[in-house]
Amino acid sequence: MSNRAMVQRDAGHLGTLLLEEGIVTEEVLKKGLDLHHETGRPLGRVLVEENLVDERDLVRVLAKNIGIEFVDLDEGAVDPAAAALIPEALARRYAALPIGFEEEKLVVAMADPANVLAIDDIRAISGREVVLKVATRSDVEAAVSRMASLDSSVTDMAELAAEDAIESQDLGAVEAAADEAPVVKLVNMLITRAAADRASDIHVEPTERDLRVRFRIDGVLHEIMRTPRSISNALVSRLKIMADIDIAERRRPQDGRINLKVGGKQLDLRVSSLPTIYGEKVVMRLLDTSTALLELKDLGFLGENERRYQESFSKPYGTILCVGPTGSGKSTTLYATLNVLNRPEVNIVTIEDPVEYRLPGISQVQVNKKAGLNFASALRSFLRQDPDIMLVGEIRDQETANIAIESALTGHLVLSTLHTNNAPASVSRLIEMGVEPFLVGSALDAVLAQRLARRLCGQCKEAYTPTAEALREASFPMGSLDQVPTLYRAVGCKHCSNTGYRGRLAVHELMTVNEEIELLAVERAATEQLTKAAVANGMLTLREDGMAKVAMGLTSIEEIMRVII
């Protein structure tokens, strides 16, 4: 068969496919075929260039015909860690871009999935098997440009903004500078990059000589860039304008909130400004709304702990406390618990400072000190609102503790947080706050202490056999083991930005209150006695739970030793 005959056959096949899918009418197809015969150009190119067919529709039909999934890169976010696995030049040459991961495999969007040479090159460079998806050439090229420009644009915009910025104390000049294009673009790029890097916080902090920007990723701060100090006032003012904070006030701390869409995902930023000796420091907490919809199975509970915890919050009344230091995921755990409890027949009210995530179907109240609305006064009001379940953001004082405990005794389920190092210490802490010991023992149903540990990167973690001495030093439970187990340690690769870790998991210590612990509370027993009783009742300590997750290959001994003293 001649080349011309093959082209005619392929054009006829494509035309039939487009007609069957309802992409073109017979009239439009006839016009396209006429131009195809006249010019000799491929039918697909003719239809797209003459605006007879949308390029995405054409590629979607072709992808369906060859049995490969079509992906719209305008809708789906590209994972920067995946995109970084091949050089920009290669991505442009092959019109191919890694967009994510499926288990150990690399998901690659290609304009030409028949290019075997390109697939082989990507497989060799990334060191991974490839899962192919089809995208339009224009979408792939635009996504490659976006990803390539992200890092360099942040630096370029910072330099440009620094050139335009002025170290002025004049409020009008600073406000004008904050609205200038380079500063606006720099702020937008910083937030976009933070979201792409899975950062939980952005720190913008002036130093003696420059302005430093750091991201907190998986609980650890990483320096992203330094720029001249001249940009400081304009950049901070831009953030304060976005957060609806008074830019004229520079002598006292202020709080605000920014709502925006990044990569098709709704993002809330909690903004806090703090006057320092070198100027105002701004910290932004990135609140991904999907976090509020987590399920308990996403929190990393071991089987028995999950069963006992569900048993506790399934009771119609009692107090459940989630304890640990700031940033240990207490609020996330309580939100996940509320998601399980949230049903149309149940009235749930919360008092928080501040309300971080909006939960549908739940009445959420924010502390307002100026209006006299604090945890204690809100709790008193809640009792007149016919509640079934109450969440108190934090028990901070005797009054709040007493009302919460009494509410639990009068038939309500109360969830709250407390700052203690471990679960048994919570009993002593409540008594020290002034709650009667017999009330603590009667009302307290369960205490969940937790920490967040970094999860080992699934792409590069390395198996090794530790020495028995190293395991003893780490208090690894060796009692039931006949031989030294195989564990995993961090290595570092592009997928995890060479940290060896990607994502986090919770380490738990769950103390359920039985009669023995109740009696010890009444006797004002020491924390050590409470711990012994809780362990006898089946409690795994934080260290034991952490080491169980080390044995499962989820994290490393070093990481557990870092987060659990």
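Two strands count as paired if DSSP finds at least two bridges between them. With that in hand, the reader can follow the sheets of this predicted model, beginning with the one in which strand β2, residues 105-110, and β3 run parallel and are joined by five bridges. One of the pairs of residues to look for here is M110 and V134, the latter being the bridge partner in β3.

These two strands belong to an open sheet of three strands, ordered β1-β2-β3, in which the pairing is mixed. Its edge strands are β1, residues 96-102, and β3, residues 130-134, each of which pairs on one side only. On average, neighbouring strands of this sheet are turned by 30° against each other when direction is ignored. Across β1, β2 and β3 lies helix α7, made of residues 116-126, and this helix runs at about 145° to β2.

Before going further along the chain, it helps to see the whole. The protein has 22 helices and 18 strands, and of its 565 residues, 49% are buried. When contacts between residues at least 6 apart in sequence are considered, 62% of them join residues at least 24 apart.

The next stop is the interior. Rolling a probe the size of a water molecule over the atoms shows where empty space is left. The count comes to one cavity of 30 Å³ or more, and the largest cavity has a volume of about 40 Å³. The residues that line the largest cavity are V187, L190, I191, I202, V204, L235, L239 and M284. Helix α10 (181-196), strand β4 (199-206) and helix α11 (232-242) each supply at least two residues of this lining, with the largest share, three residues, coming from α10. Sorted by class, the lining of the largest cavity holds eight nonpolar residues, no polar ones and no charged ones.

Helix α11 also leads to another residue worth finding, since E249 sits in the loop between α11 and β7, the latter spanning 254-262. Is E249 buried or exposed? Its relative accessible area is 13%, which is under the 20% limit, so E249 counts as buried. Apart from its neighbours within four places in sequence, E249 is in contact with K240, Q254 and E280.

Further along the chain, seven strands form a second open sheet to examine, in the order β12-β11-β13-β14-β10-β15-β18, and the pairing in this sheet is mixed. Because β12 (363-366) and β18 (501-512) stand at the edges with a single partner strand each, one side of each is left without a neighbour in the sheet. From one strand to the next, the twist of this sheet averages 20°.

At the β12 edge, strand β11, residues 348-352, pairs with β12 in the parallel sense over four bridges, and within this pairing E352 has Q366 of β12 as its bridge partner. Helix α14, residues 375-382, lies across β11, β12 and β13 (389-392), and runs at about 165° to β11. Helix α21, residues 542-551, also packs on the sheet, where it touches β15 (444-456) and β18, and the direction of α21 makes about 140° with that of β18.

Key:
Residues are numbered from 1 along each chain as its sequence is written. This is a predicted model: local features need pLDDT of at least 70, side-chain atom pairs count only at pLDDT 80 or more; totals for chains, interfaces and linings use all residues. Side-chain values use heavy atoms; hydrogens and water are left out. Axes are lines fitted to C-alpha atoms, for helices over the stretch in contact, and angles run from 0 to 180 degrees between N-to-C directions. Contact means heavy atoms within 4.5 Å. On a 1 Å grid over the protein atoms alone, a cavity is a set of points where a 1.4 Å probe fits but cannot get out, and a pocket is an open set with protein on both sides within 12 Å along at least five of seven lines; lining residues have an atom within 4 Å of a point. Grid points are joined across faces, edges and corners, and a volume is the space filled by probe spheres set on the points. Ala, Val, Leu, Ile, Met, Phe, Trp, Tyr, Cys and Pro count as nonpolar, Asp, Glu, Lys and Arg as charged, and the others, Gly among them, as polar. Buried means under 20% relative accessible area, exposed over 50%, partly exposed in between (1.4 Å probe, protein chains only).
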